[in-house]
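Okay, thanks for coming, everyone. I'll just walk through a few spots in this one, so have the view open in front of you.

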Amino acid sequence: MDLLNTLVDKGLRRETPTREEALAVLATSDDDLLDVVTAAGKVRRHWFGRRVKLNYLVNLKSGLCPEDCSYCSQRLGSTAGILKYTWLKPGQASEAAAAGLAGGAKRVCLVASGRGPTDRDVDRVSDTIKAIKERHEDVEVCACLGLLSDGQAERLRAAGADAYNHNLNTSEATYGDITTTHTYADRVDTVHKAHAAGLSACSGLIAGMGERDEDLVDVVFALRELDPDSVPVNFLIPFEGTPLAKEWNLTPQRCLRILAMVRFVCPDVEVRIAGGREVHLRSLQPLALHLANSIFLGDYLTSEGQAGKADLEMIADAGFEVEGADEVTLPEHRAAAGGGCGPGARETGCGSHAGDGVCGTAPAAADAPAPAEPRTDLVAVRRRGAGTDLAPNA
């Protein structure tokens, strides 16, 4: 297929595909799916070999968020039966992180619900970062605390944070359909603040919220322009008790096409499969490793994930290997420059609240596939790990 040959050539040269080429990837048929995976896999292996980076989420504060993000089980007005608790103490968070690191994770993602941190919250998280790094000196720590105020990114960096996550989630055109309590521009501003403070920026998207192909391409091109070092791809978890509970729009095949499109647009960036992979990719999860070079190990923020042991077995069975703590994730040209998505760029971060969750009002394309069969049996609320007395899944 000429399209795929062109995209591989561009990916190996770090050249941006056209919007039309990106849209064409999403429009490929199921008959061509393996060809798409093979082509994007060549780009993935060129820049990242067969390494898979493991990341581990620690939910520092769960639920009771004042924001109204429609996809999130922690949102204002959510009736989802999730765990709700206030800030973990630094020692508790360090213990939770240790479980993921013992399972092979090299990055810990510290997440807290809320609009954004107060200065006292930054102090709390700074103490937590220091507690984790006292026990695990070489661990990467990514914070995901919402919208940042001036000076907060610098304080997190001084405390030892390596990265900051804040997702764009969807296109600017449809952002107002999923959230009214803050703006798309607010999110962009926070990513800029992280960059300016010397933190590795992590920003991604959520697929499956009823968006059009054009919206997916728009947000990925916007991410390339923002130049994050890692792009988490979340697949909506339609939690009962949230406005998007009925949005079952994804098939395993569509998820793979979305991941391939992200890889072609950001060829030398850490692409992470984040929330919802077990729900929507299901038995095709191993194929996704040919497209993404990073996953979360174990559970997510408010939902359970695949058993950590099963994650490790899947990686090995698919012929990949877990990236070691002493290995540099990003290609040499990006790591040396400090990171970035585009050819002139700068070295993941977390898939934030998104993975536990629209543009539900976005018009469907005329040739859109029929809605996927709801798999509510695969949506399990997290009842173990951080905030509980039960052992974590790692």
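**Starting from a tryptophan**

Let's begin with Trp47, which is buried at a relative accessible area of 14%. For that word I'm using under 20% relative accessible area as buried, over 50% as exposed and anything in between as partly exposed, with a 1.4 Å probe and protein chains only. Before I go on, this is a predicted model, where local features need pLDDT of at least 70 and side-chain atom pairs count only at pLDDT 80 or more, while totals for chains, interfaces and linings use all residues. Numbering runs from 1 along each chain as its sequence is written, and side-chain values use heavy atoms, with hydrogens and water left out.

So, Trp47 sits in helix H3; helices here are DSSP runs of H or I with at least four residues, strands are E runs of at least two, and both are numbered from the N terminus. What does Trp47 touch, leaving aside neighbours within four places in sequence? Its contacts, meaning heavy atoms within 4.5 Å, are Gly11, Leu12, Arg14, Pro267, Asp268, Pro331 and His333. The C-alpha atoms of Trp47 and Asn293 are 9.6 Å apart, with their positions 246 residues apart along the chain.

**H1 against H3**

Now the helix pair. H1 covers residues 2–12 and H3 covers 33–48; their axes come within 9 Å and cross at roughly 10°. Those axes are lines fitted to C-alpha atoms, for helices over the stretch in contact, with angles from 0 to 180 degrees between N-to-C directions. That makes H1 roughly parallel to H3, on a scale where under 35 degrees is roughly parallel, over 145 roughly antiparallel, 65 to 115 roughly perpendicular and the rest oblique. On the H1 side you've got Leu4, Leu7, Val8, Gly11 and Leu12, and they meet H3 residues including Val36, Ala39, Val43 and our Trp47. The contact splits into eight nonpolar, two polar and two charged residues. Nonpolar is Ala, Val, Leu, Ile, Met, Phe, Trp, Tyr, Cys and Pro; charged is Asp, Glu, Lys and Arg; the others, Gly among them, are polar.

Also in H1 there's Leu3, buried at 19% relative accessibility. Beyond four places in sequence, Leu3 touches Glu21, Ala24 and Val25. Right before H1 comes Met1, which is partly exposed at 45%.

**Two odd phi values**

Most residues other than glycine have a negative phi. Which way does Leu64 go, positive or negative? Positive, about 60°, and it is not a glycine. Leu64 is in the loop between S1 and helix H4 (90–102), and it's exposed at 68%. Arg282 does a similar thing, with a positive phi of about 50°. You'll find Arg282 in the loop between H10 (277–280) and H11 (285–288), partly exposed at 27%.

**A cavity to finish**

Last stop, the second largest cavity, with about 110 Å³ of space. A cavity here is a set of points on a 1 Å grid over the protein atoms alone where a 1.4 Å probe fits but cannot get out, and lining residues have an atom within 4 Å of a point. Of its 14 lining residues, the closest to the centre are Tyr56, Leu57, Arg382, Gly385 and Ala386. Strand S1 (residues 51–61) gives the largest share of that lining, four residues. By type, the lining is eight nonpolar, three polar and three charged.

Methods:
1 Å grid on protein atoms, 1.4 Å probe; cavity = no way out; pocket = protein on both sides within 12 Å on 5 of 7 lines; lining within 4 Å. Points joined across faces, edges and corners; volume = space filled by probe spheres on them.
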